[in-house]
Amino acid sequence: MKKFTQPYHSLILWKEVHKFILDVYLTTEQFPTHERYGIVSQLRRAAVSIELNIVEGHAKKTKADHLRFLDIANGSLRECASLIELCLDLGYLEQEKYTDLESQRRKAGFLLTRFKTGTKERTDY
């Protein structure tokens with residue numbers, strides 16, 4: 001499939017979050033069907049929200065707007081942490097898959113924090 005190049009494609013942060021989202025989608029396919037409109041929907045929406053807020057913030061013209069969207073992305077990232085933990089506790093995730101998702105989420109969180117710091121320090125807004 002051929003996609004058009006977008007400005008955010010060059011962001012390492014976007015690439016890592018995108019991988020996390022794809023893994024969340026694949027993993028939640030295996031969850032019980034009665035959770036389709038519960039945890040599955042909420043986890044997927046939270047994961048996608050991370051990426052969408054990074055992209056939307058990247059398009060903003062002011063530093064304050066950009067940082068606000070990065071804060072929202074961080075909130076969604078934290079929401080995913082809680083949901084992934086809940087999925088483990090409910091037995092929907094094996095320990096190994098939980099560890100894998102949480103590692104990806106933490107890596108994305110680290111990159112998001114660094115990206116936010118870099119955005120704060122920028123002087124070209």
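So, helix 4: with 27 residues at 1.5 Å a residue, it should span 39 Å, and its end C-alpha atoms are 39 Å apart, so the two agree. Keep in mind that this is a predicted model. The buried residues of helix 4 are Tyr 98, Leu 101, Glu 102, Gln 104, Arg 105, Ala 108, Gly 109, Leu 111, Leu 112 and Thr 119. Yes, Glu 102 and Arg 105 really are on that buried list. As for what sits over them, the cover includes helix 1, helix 2 and helix 3.

Okay, helix 3. That one runs over residues 63–89, so to speak, and has 27 residues. From its first C-alpha to its last it reaches 39 Å, close to the 39 Å expected. And which residues of helix 3 are buried? We get His 66, Leu 67, Phe 69, Leu 70, Ala 73, Ser 76, Leu 77, Cys 80, Ala 81, Leu 83, Ile 84 and Cys 87. If you want a reason to look for a rhythm in a list like that, an α-helix has 3.6 residues a turn, so residues three or four places apart point the same way. The cover on the buried residues of helix 3 includes helix 1 (12–28), helix 2 (39–58) and helix 4 (95–121). After helix 3 comes Gly 91, with a positive phi near 85°.

Let me zoom out for a second. The chain has four helices and zero strands, and from the N terminus on the order is α-α-α-α. The radius of gyration is 15 Å, against the 14 Å that the globule rule gives for 125 residues, so the chain is as compact as a globular protein of that length. Along the principal axes, the C-alpha trace spans about 50 × 30 × 25 Å. Of the 125 residues, 39% count as buried. And if you take contacts between residues at least 6 apart in sequence, 72% of them join residues at least 24 apart. On the outside, the accessible surface comes to about 7800 Å², with 54% of that belonging to carbon and sulfur atoms.

Now, the inside. In soluble globular proteins, nonpolar side chains tend to be buried together. Here, the largest nonpolar core has 30 residues, and Phe 20, Ile 50 and Ile 54 are the ones with the most contacts inside it. Helix 1, helix 2, helix 3 and helix 4 each supply at least two residues of this core. So who gives the most to this core? That's helix 3, with eight residues.

Take Ile 54 as an example. Leaving out residues up to four places away in sequence, Ile 54 touches Leu 11, Leu 13, Val 17, Leu 70, Ala 73 and Leu 112. Two of those partners, Leu 70 and Ala 73, were on the buried list for helix 3, and Leu 112 was on the one for helix 4.

Last bit, the aromatics. How many aromatic pairs does a search of the whole structure find? Two. In one, the rings of Tyr 8 and Trp 14 have their centres 5.2 Å apart and their planes at 50°, so that pair is tilted. Trp 14 is buried, with a relative accessible area of 9%. In the other, Phe 31 and Tyr 92 have ring centres 5.5 Å apart and planes at 45°, so this pair is tilted. That pair links distant parts of the chain: Phe 31 is in the loop between helix 1 and helix 2, Tyr 92 in the loop between helix 3 and helix 4, and they are 61 residues apart. Phe 31 is buried, at a relative accessible area of 7%.

Notes: Residues numbered from 1 in each chain as written. Predicted model: local features only at pLDDT ≥ 70, side-chain atom pairs only at ≥ 80, totals over all residues. Heavy atoms only, no water. Expected span 1.5 Å × (residues − 1). Buried < 20%, exposed > 50% of the residue type's maximum accessible area, 1.4 Å probe, protein only. Contact = heavy atoms within 4.5 Å. Core = buried A, V, L, I, M, F, W, Y, C linked by side-chain atoms within 4.5 Å. Phe/Tyr/Trp six-rings, centres within 6.5 Å; stacked < 30°, edge-to-face > 60°. Rg over C-alpha atoms; globule rule 2.2 N^0.38 Å. Areas by Shrake-Rupley, 256 points an atom, 1.4 Å probe, with all protein chains shown as cover.
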